[in-house]
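Me: Please take a close look at one part of this structure and talk me through how it's put together. After that, set it against the rest of the chain.

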Amino acid sequence: MAGTIETDICVIGGGSGGLTVAAGASQMGARTVLIEKGKMGGDCLNYGCVPSKALLAAGHAAHAIRGSGSFGISAGEPKVDFRGVHNHVQGVIAAIAPNDSVERFTGLGVTVLQAAARFTGPGEVEADGTRVRAKYFVVATGSSAGVPPIPGLDTVPYLINETVFDLTEGPEHLIVIGGGPIGCELAQAHRRLGAKVTVLEMFSILGKDDPEVTEVVKRRLRREGIGLREGLKVKSIAPDGAGVAVEIEQDGVAERITGSHLLVAAGRSANVDGLNLEAAGVTYSKKGIEVDARLRSSNKRVYAIGDVAGSYQFTHIANYHAGIVIRNVLFWLPAKVDYRAVPWVTYTDPEIAHVGQTEAQATQALGGDIRVLRFALHENDRAQAERETDGLIKVVTDKRGRVLGASIAAARAGELLLPWVVAVGQRQKIGTLASLIAPYPTLSEISKRVAGSYYIPSLFSEKTRKVVRFLMKF
Ligand SMILES: Cc1cc2nc3c(=O)[nH]c(=O)nc-3n(C[C@H](O)[C@H](O)[C@H](O)COP(=O)(O)OP(=O)(O)OC[C@H]3O[C@@H](n4cnc5c(N)ncnc54)[C@H](O)[C@@H]3O)c2cc1C
């Protein structure tokens, strides 16, 4: 489609953030153009959240068979057909893909251009010969796997998130560079599907979360046979037969680790290359496009959302950003981002779910004026019934009981987090959760129990006992 299109909104990137803006804007009556150079649905659908959770689900199924003996059911070692696993993962993507398809968006009234977009001026982009002039632009180009400058990495074939889900044969020994959420999720999935797995991390495994909570997951990963190596430097990489050899240095000691496959999951780089942002007067850095609290770039007609905007790199944040942009652009409301209650989940088993401040962050912000509450999963009856007793919930409040943050390590911790997102976001006091009636027996009782523990020191104090003894005299 050559020529020039005049439109209200031009969205660049058809992933989580861009699709949400395009669908909303078009349905609210704005003329909308969406430009996507690759697969509709972006990273989340094709190379991120969806395939990784589908692969984890396959690993979970294999693990459940292995663990069935403790329920009195014997099934033996599961037979993993990796091509079947691949088909399952691709089948899940295919089932969701129609929601994100060109056909659906065209049906919603969006003009979809399937090409790479680049700015040609402050109010114009070009995509495969078509010029698009718009009142507003929304850059939602996402991020890509960051490739660290390790000597020799370019001499071996390595996997990243865009290629790892194409494997139709299980790796024999997968070496993962990067012990963040993506590295750990893929490590556990492959381990449970039969691979030997080694994770190499320069700092700490899952280092963005509370160490008490990550310790639960690290213990489990080790118990399942994953080699977790932290605090090391990857010095070089070289081919080793059909596989790879990774030279590491840890505590001054050099070591060579060989594996059949290498996965690089060492951070993400914002997709700014090729956009010719200079032509639009849009300032950016290595972290991404610089935006203000309303997500406007240095060119006030150009907004940036999602991973390319350089804040939290999650699908739910890209969607949240989309809502902020829609309010600003379509309704001229000065909506601003508020990151106080950003939740995130690492989908290992057990999962880690977090919102708000960690103990360390709250201590730094408020000195000693905080309360830290904990409740262990093994005290929960449902967790006992399901033999899922690894983990804890940890909650941080200020000295008046206002909830500042919560971290959970538990099976399905992500499903348990929402009340804490509300509590942190609405600045609720812990009593709101303590006074709820939680259905029995559910894992969500841990939220009520941890909240209730706030009152234990005063409830069971000598002062209370004296009052009760006095009242019982009448
Ligand atoms: C393995 C993995 C697992 C993940 N799991 C989770 C999870 O469980 N939960 C979660 O919340 N997040 C998860 N994420 C992160 C999540 O995928 C991203 O935060 C989310 O996709 C960001 O959305 P976005 O709209 O910013 O970018 P994307 O969804 O990546 O979309 C960007 C789109 O822009 C297109 N594009 C780029 N440049 C151009 C151009 N010049 N012209 C036209 N189009 C262009 C790209 O082709 C792409 O389709 C995961 C990521 C990975 C890699």
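**A sheet and the helices on it**

Reply: Let's start at one end: β19 and strand β20 (residues 351-356) run antiparallel and are joined by 3 bridges. Strands here are DSSP E runs of at least two residues, helices are H or I runs of at least four, both numbered from the N terminus, and a pair needs at least two DSSP bridges. Within that pairing, T346 sits opposite I352 of β20.

Before going on, this is a predicted model, with residues numbered from 1 along each chain as its sequence is written. Local features need pLDDT of at least 70 and side-chain atom pairs 80 or more, totals for chains, interfaces and linings use all residues, and side-chain values use heavy atoms, leaving out hydrogens and water.

Now zoom out a notch. The pair belongs to an open sheet of 5 strands with antiparallel pairing, ordered β19-β20-β23-β22-β21. At its edges are β19 (344-346) and β21 (370-376), each pairing on one side only. From one strand to the next, the twist averages 10° (axes are lines fitted to C-alpha atoms, for helices over the stretch in contact; angles between N-to-C directions run from 0 to 180 degrees).

Helices pack on this sheet too. Helix α10 (residues 359-366) touches β20, β21, β22 (392-398) and β23 (403-410), where contact means heavy atoms within 4.5 Å. The direction of α10 makes about 165° with that of β21. Helix α15 (residues 445-452) packs on the sheet as well, touching β21, β22 and β23, and its direction makes about 140° with that of β21.

For contrast, look at an open sheet of 4 strands, ordered β10-β9-β8-β14, with parallel pairing. There, β10 (227-230) and β14 (261-264) are the edge strands with a single partner each, so one side of each has no neighbour in the sheet. Its neighbouring strands are turned by 15° against each other on average, direction ignored. Helix α6 (residues 181-192) packs on it, touching β8, β9 and β14, and runs at about 165° to β9. Strands β8 (residues 173-177) and β9 (residues 196-201) pair in the parallel sense over 5 bridges, and I175 stands opposite T198 in β9.

As for the whole chain, it has 17 helices and 23 strands. The C-alpha trace spans about 90 × 60 × 45 Å along its principal axes. Of the contacts with a separation of 6 or more, 63% link residues 24 or more positions apart. Buried residues make up 49% of the 474 (buried is under 20% relative accessible area, 1.4 Å probe, protein chains only).

Conventions. Buried means under 20% relative accessible area, exposed over 50%, partly exposed in between (1.4 Å probe, protein chains only).
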